[in-house]
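I opened the file to look up a few points of secondary structure and packing. My notes follow.

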Amino acid sequence: MKWRLESPGIFYDADEGSDVYNEPDSGHTHQIGEFDAIQLSQIGKKPMGAAELLRSVQSDVVDRSEAELHDAIVPVLDELVALNILKAL
């Protein structure tokens, strides 16, 4: 399965451990975690599956092992789909 952005958004990072993601098309604003923002920025470049996303985020997330990243990716993607930020293809 691959995921893509539902609509492009804008990130605001205040260096406080979370980011704000604003979707201008819908007017929705979401507070998301840094890891969520990293995944969104990668998927924003092109639709990705979980394995491809894992490879692309590894260099940005140095404090987690590959196994930890693997276990964390899909729940975040599911959450972002529930918020209508991402769409599963």
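**Sheet and helix 3**

I started with one bridge: arginine 4 has lysine 87, in strand 6, as its bridge partner. The model is predicted, so I kept an eye on confidence as well.

I then looked up the pairing around that bridge. Strand 1 and strand 6 are joined by three bridges, in the antiparallel sense. The sheet is open and made of three strands in the order 5-1-6, with antiparallel pairing. Strand 5 (48-49) and strand 6 are its edge strands, each paired on one side only. Helix 3 packs on this sheet and touches strand 1 and strand 6. I noted an angle of about 105° between the direction of helix 3 and that of strand 6.

Next I checked the length of helix 3. Its 17 residues, 66-82, should span 24 Å at 1.5 Å a residue, and the end C-alpha atoms lie 25 Å apart, so the two agree.

Which residues of helix 3 are buried? I listed Leu69, Ala72, Ile73, Val76, Leu77 and Leu80. These buried residues pack against strand 1 (2-5) and strand 6 (86-88), and also against strand 4 (28-33), helix 1 (34-45) and helix 2 (50-57).

I also looked just past the end of helix 3. Asparagine 84 has a positive phi there, about 60°.

Last, I read the confidence values. The protein averages a pLDDT of 88, and 100% of the residues score at least 70. Confidence is lowest in strand 2 (residues 10-13), with a mean of 86, and highest in strand 5, at 94.

Notes. Residues are numbered from 1 along each chain as its sequence is written. This is a predicted model: local features need pLDDT of at least 70, side-chain atom pairs count only at pLDDT 80 or more; totals for chains, interfaces and linings use all residues. Side-chain values use heavy atoms; hydrogens and water are left out. Helices (H or I, at least four residues) and strands (E, at least two) are DSSP runs, numbered from the N terminus. The expected span of a helix is 1.5 Å times one less than its number of residues. Buried means under 20% relative accessible area, exposed over 50%, partly exposed in between (1.4 Å probe, protein chains only). Contact means heavy atoms within 4.5 Å. Two strands pair if DSSP finds at least two bridges between them. Axes are lines fitted to C-alpha atoms, for helices over the stretch in contact, and angles run from 0 to 180 degrees between N-to-C directions. pLDDT is the predictor's confidence in each residue, from 0 to 100.
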